[in-house]
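Biologist: Could you take one part of this structure and walk me through it closely? I'd like to hear how two helices pack, and what the charged side chains are doing.

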Amino acid sequence: MTSILVLNGPNLNLLGTRQPEIYGSTTLADIEAMCHDTAKTIGVSVTFEQNNVEGAMVDLIHAARGTQDGIILNAGAYTHTSVALMDAVSSVEIPTIELHLSNIHAREEFRHTSYIAKVALGVICGFGAHGYVLALEAMAQHLKSKK
Ligand code: DQA
């Protein structure tokens, strides 16, 4: 079965209470449940992770090699700063979709830069928690077209 890693970065563990006017009131546990429901519907398996530490995220991306067919990556603020995460994504050669709850292009200037986008298959942002469903569907479709 097709396996997809959904990897969440710093501060996303606080979803639900963190700036709900920007990120909504859905918790990360709700999003995880949504991902598992979507996975069941579209016939893929999902591994859901969150980590606040950049190096730990690099390790999780490395560990995906040989075990995961695709990665959905909400790298949080590391999106805008992390050459290490960008290099990890290009090193493992696993198709990766960059994801954000908010529309980063409609926010502060520093959020308009993404190191992840440079190596990503595509980018989904601005659709709140539903973006995770969209990203899983897009990844499943992409992987199917490559078989
Ligand atoms: C975010 C957007 C980032 O700019 C921010 O640092 C986050 C969340 C999003 O999902 O909208 O932590 O990745």
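Modeller: Here is a look at one helix pair, one residue inside it, and then the salt bridges. A word on the ground rules: this is a predicted model, so local features need pLDDT of at least 70 and side-chain atom pairs count only at pLDDT 80 or more, while totals for chains, interfaces and linings use all residues. Residues are numbered from 1 along each chain as its sequence is written, and side-chain values use heavy atoms, with hydrogens and water left out.

The pair is helix H2, residues 28–42, and helix H5, residues 130–146. Helices here are DSSP runs of H or I with at least four residues, numbered from the N terminus. The axes of H2 and H5 lie 9 Å apart, at an angle of about 30 degrees. Those axes are lines fitted to C-alpha atoms over the stretch in contact, and angles run from 0 to 180 degrees between N-to-C directions. H2 and H5 are therefore roughly parallel, a label for angles under 35 degrees. Their crossing is right-handed, that is, the near helix is turned clockwise from the far one by less than a right angle.

Who touches whom? From H2 you have Ile 31, Met 34, Cys 35, Thr 38 and Ile 42, and they meet His 130, Tyr 132, Val 133, Leu 136, Glu 137 and Ala 140 of H5 (contact is heavy atoms within 4.5 Å). Sorted by type, the residues of this contact come out as 8 nonpolar, 2 polar and 1 charged. In that scheme Ala, Val, Leu, Ile, Met, Phe, Trp, Tyr, Cys and Pro are nonpolar, Asp, Glu, Lys and Arg are charged, and the others, Gly among them, are polar.

Now zoom in on Thr 38, which sits in H2. Setting aside neighbours within four places in sequence, Thr 38 contacts Val 133 and Leu 136. Thr 38 has 9% relative accessibility, so it counts as buried (under 20% relative accessible area, with exposed over 50% and partly exposed in between, using a 1.4 Å probe and protein chains only).

As for the charges, the whole structure has 2 salt bridges, meaning a side-chain nitrogen of Lys or Arg within 4 Å of a carboxyl oxygen of Asp or Glu. Glu 108 pairs with Arg 111, closest N and O atoms 2.8 Å apart, and Arg 107 pairs with Glu 108 at 3.8 Å. Together Arg 107, Glu 108 and Arg 111 make up a network. Arg 107 is buried at 18% and Arg 111 is buried at 15%, whereas Glu 108 is partly exposed at 36%.

Methods. Helices (H or I, at least four residues) and strands (E, at least two) are DSSP runs, numbered from the N terminus. Angles under 35 degrees count as roughly parallel, over 145 as roughly antiparallel, 65 to 115 as roughly perpendicular and the rest as oblique.
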